[in-house]
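Please read the following explanation with the sequence and the structure side by side, moving from the open spaces to the strands and then to the whole chain.

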Amino acid sequence: MLRYRWLAAVAVLSMAACSPTHNWREWRADGAPLWALLPCKPDLAERPVPLTASPVVLHLASCEAGGQTFALGWARLGDPGLAPQALQRWRLAGLKSLRAESVDEAATRWEVAVAGAAPVLGVRAEGQDHRNQPVLNQTVYFAQGDWIFQAAVYGAQLPDAVTEPFFTGLRLSGS
């Protein structure tokens, strides 16, 4: 009898963990070595951006679920030596677009790891969205060879139950 109660409890907890709002799925960035877990089907876009002396094509994937926006970005620089500077420019541009209260790296840094990536920089910030509403942001910037990446979550609230699967689900091919 105890065994059946335990199985029933596990079944109830499993159903509670399944959220119709966040339908987590593995997703691969087309043409790049990035894999991620996303809670929704992303829309795709690309545009040239000035992250280095000459613009690079930035590929973007984003979707909204449960009041949060999940975004991935990636670009190929052609030279691995350009990655640290490009990631720094990307971080500053991201904080500026949020109208973040602080752009100081020490004030916004959080510890995060992405297997196979170096360097990795985690950023937490508070700012305003495009409708001038308060928004929280967690972003990780990372590189592998001449590839640079950004993974971000934006929302009025960023519960660990949502951000943790997103950030721990990031991986690079070959790692």
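The largest pocket of this predicted model holds about 950 Å³ of space. Its lining is made up of 32 residues, and those that lie nearest the centre of the pocket are T69, A71, S97, H130 and Y154. Six elements each supply at least two residues of this lining, namely the strands β3 (43-49), β4 (56-65), β5 (68-76), β8 (134-144) and β9 (147-155), together with the helix α2 (83-98). Among these contributors, β4 has the largest share of the lining, with six residues. Sorted by class, the lining of the largest pocket consists of 16 nonpolar, 10 polar and six charged residues.

The second largest pocket has a volume of about 160 Å³, and the residues around it can be named in full: W27, R28, D30, G31, A32, L44, A45, E46, H59, L60, W74 and W147. Two or more of these lining residues come from each of β1 (25-28), β3 and β4, and it is β3 that gives the most, with three residues. By class, the lining of the second largest pocket divides into seven nonpolar, two polar and three charged residues. The strands β3 and β4 therefore deserve a second look, because each supplies at least two residues to the lining of the largest pocket and, by the DSSP numbering of strands, each also gives two or more to that of the second largest pocket.

How are the strands arranged in the open sheet? Seven of them form it in the order β3-β4-β5-β9-β8-β7-β6, with antiparallel pairing. At the edges of this sheet are β3 and β6 (109-110), each of which pairs on one side only. In general, the strands of a sheet pair through backbone hydrogen bonds, and the pairing may be either parallel or antiparallel. Within this sheet, β8 and β9 run antiparallel and are joined by nine bridges; one position to find on the model is F142, whose bridge partner in β9 is F149.

Beyond the open pockets, one may ask what space is enclosed. Rolling a probe the size of a water molecule over the atoms shows where empty space is left. A search of the whole structure finds one cavity of 30 Å³ or more, and the volume of the largest cavity is about 50 Å³. The residues that line the largest cavity are G94, L95, L98, V123, N137, T139, Y141, Q150 and Y154, with α2, β8 and β9 as the elements that give two or more of them. Five of these lining residues are nonpolar and four are polar, while none is charged. Y154 is thus met twice, since this residue belongs to the lining of the largest cavity and is also among the residues that lie nearest the centre of the largest pocket.

It remains to place these features in the whole chain. The protein has four helices and 10 strands, which follow one another along the sequence in the pattern α-β-β-β-β-β-α-α-β-β-β-β-α-β. Of its 175 residues, 41% count as buried. Among contacts between residues at least 6 apart in sequence, 51% join residues that are at least 24 apart. The accessible surface of the protein comes to about 10,000 Å², and carbon and sulfur atoms account for 56% of this area.

Technical notes. Residues are numbered from 1 along each chain as its sequence is written. This is a predicted model: local features need pLDDT of at least 70, side-chain atom pairs count only at pLDDT 80 or more; totals for chains, interfaces and linings use all residues. Side-chain values use heavy atoms; hydrogens and water are left out. Buried means under 20% relative accessible area, exposed over 50%, partly exposed in between (1.4 Å probe, protein chains only). Contact means heavy atoms within 4.5 Å. Accessible areas come from the Shrake-Rupley method with a 1.4 Å probe; for residues, only the protein chains shown count as cover. On a 1 Å grid over the protein atoms alone, a cavity is a set of points where a 1.4 Å probe fits but cannot get out, and a pocket is an open set with protein on both sides within 12 Å along at least five of seven lines; lining residues have an atom within 4 Å of a point. Grid points are joined across faces, edges and corners, and a volume is the space filled by probe spheres set on the points. Ala, Val, Leu, Ile, Met, Phe, Trp, Tyr, Cys and Pro count as nonpolar, Asp, Glu, Lys and Arg as charged, and the others, Gly among them, as polar. Two strands pair if DSSP finds at least two bridges between them.
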